[in-house]
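Reader: Please show me the model, and then take me through the ligand site and the sheets.

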Amino acid sequence: MKIGILCYPTYGGSGIVATELGMSLANKGYEVHFISSAMPARLDIANPNIFFHKVNVQTYPLFQYQPYDIALSSMIYRVVNLYKLDILHAHYAIPYAYAAFTAKQMLKEVNADVPLVTTLHGTDITLVGQHPSYKHAVEFSINQSDTITSVSESLKVDTLQKFHIKKEIQVITNFIDNSEFSNHEVCARKQLANPDEKILIHVSNLRPVKRVSEVLEIFKNVHKKVKSKLVIIGEGPDMEVINEFLEENPELMDKVRLMGKVNDLYKILELSDVFLLPSEQESFGLAALEAMAASTPVISSNAGGIPEVNIQGVTGFLAEVGNVEAMSNYTIKLLSDEKLLAQMKINAKEQAIKFDLKNILPIYEEMYEETLKKFHAMA
Ligand code: GMT
């Protein structure tokens, strides 16, 4: 089967899921074509079953805004035609499902139409997709997809509440490849913290929805009770929030380590004691699952799909969005009790194994087969 994957190339969750899925399919022998504005961050282009097609936007002085969606549709059309793709898989409704719909209309003209799978990831439904500038186009292109999947039950419920969706939504949860976590040598811990200090970690794209100010407040509270360091990985608009916090709390300057984007994320997660995720919204919380795969318990809000991943009192603790006090107290409780911490590390890993790639990949494969069967039966 030849599969076209349309995704963001950046470090955001949807791009990571799309890339990991595509690479796993390629490892199983599928031919996978990535179509994106740049090479996806984690893509292993050395794999002979993987192809990358960069969307080129032609600039022209007349355009105030460059028409990316047209360039994307044209590229989808060309790749499907040239490489005889069997199926398209759009990750994130905007602009991928929309551009794929346009490409399909063009492909119909040359009798080369293929089915479209759209995977909803979160903010395409709950945040940006709700804006009046996009809402109708998002709803339309979701309804035009042959198969719709969502990464959690919570996102499915949100989608059905916020849009008029005429088709079944299949939940296929995000996944993690646990084999990538087993062999790291845990030797660089001393580079992050002293032996008597605990390591708290937060990983995100530092957008307002992640509530990084609360990560800092939690750490401030925890640090008063437990010797500790805070590691923050990622880049984004709220880096300013961090800088301001450090200006106002200079005593924490050498306790907070800002690492930007890193290549060896999994290794750093394995060195950490607790992962903080106080997000306002989170359709799934892939970052929390990555932490758990590294045997790191999670203190989080109970937003969206997080409770489907982080289990209260088992893999960590959850509190209402904005309840910094509860999240601080949970973190202090966890880090002050070695027995509890050790047990939760084990539980976190066990939970991550339930979401292992080995369990989820066959569901995607079956979904592709079903979609193709229905599409060709209707043709
Ligand atoms: O907000 C992000 O972290 C990026 C965003 C994306 O689409 O790139 O993430 C969303 O998709 C991830 C992968 O499915 C989910 O794990 C995240 O929970 C979701 N983010 C939100 O819903 C805020």
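**Ligand site and sheets**

Author: Helix α1 (residues 13-27) contributes three residues to the shell around the ligand, the most of any element; helices (H or I, at least four residues) and strands (E, at least two) are DSSP runs, numbered from the N terminus. This is a predicted model, in which local features need pLDDT of at least 70, side-chain atom pairs count only at pLDDT 80 or more, and totals for chains, interfaces and linings use all residues. Residues are numbered from 1 along each chain as its sequence is written, and side-chain values use heavy atoms, with hydrogens and water left out.

Reader: How many residues surround the ligand?

Author: A residue is near the ligand if one of its heavy atoms lies within 4 Å of it. The closest are His121, Arg207, Lys210, Glu282 and Ser283. The number that surround the ligand is 19.

Reader: Which class of residue, nonpolar, polar or charged, has eleven members in the shell around the ligand?

Author: Ala, Val, Leu, Ile, Met, Phe, Trp, Tyr, Cys and Pro count as nonpolar, Asp, Glu, Lys and Arg as charged, and the others, Gly among them, as polar. The shell has five nonpolar and three charged residues. The class with eleven is polar.

Reader: Which domains each give at least three residues to the shell around the ligand?

Author: The domain bounds come from an automatic or database domain assignment. The shell draws at least three residues from each of domain 1 (2-175 + 357-378) and domain 2 (178-354).

Reader: What percentage of the accessible area of the ligand does the protein cover?

Author: Polar contacts are pairs of N or O atoms within 3.5 Å. Ligand oxygen atoms lie 2.9 Å from a polar backbone atom of serine 14, 2.8 Å from a polar side-chain atom of lysine 210 and 3.1 Å from a backbone N or O atom of phenylalanine 284. On its own the ligand has 490 Å² of accessible area (Shrake-Rupley method, 1.4 Å probe). The share that the protein covers is 94%.

Reader: Which strands are at the edges of the sheet of seven strands?

Author: Two strands pair if DSSP finds at least two bridges between them. This open sheet has parallel pairing and runs β3-β2-β1-β4-β5-β6-β7. Strands that pair on one side only are its edge strands, β3 (50-54) and β7 (169-171).

Reader: Which residue of β4 is the bridge partner of isoleucine 3?

Author: Strand β1 (residues 2-6) and strand β4 (residues 87-91) pair in the parallel sense over four bridges. The bridge partner of isoleucine 3 in β4 is isoleucine 87.

Reader: Why do β10 and β13 each have one side without a neighbour in the sheet?

Author: The open sheet of six strands has the order β10-β9-β8-β11-β12-β13, with parallel pairing. β10 (256-260) and β13 (316-319) stand at its edges, so one side of each is left without a neighbour, as each has a single partner strand.

Reader: Which residue is joined to isoleucine 94 by a cis peptide bond?

Author: Tyrosine 92, in the loop between β4 and α3, has a positive phi near 90 degrees. The cis bond of isoleucine 94 has an omega of about -5 degrees. Its partner lies in helix α3 (residues 93-109) and is proline 95.

Conventions
A polar contact is a pair of N or O atoms within 3.5 Å; within protein, one must be able to donate a hydrogen and the other to accept it, and residues adjacent in sequence count only if both atoms are side-chain atoms.
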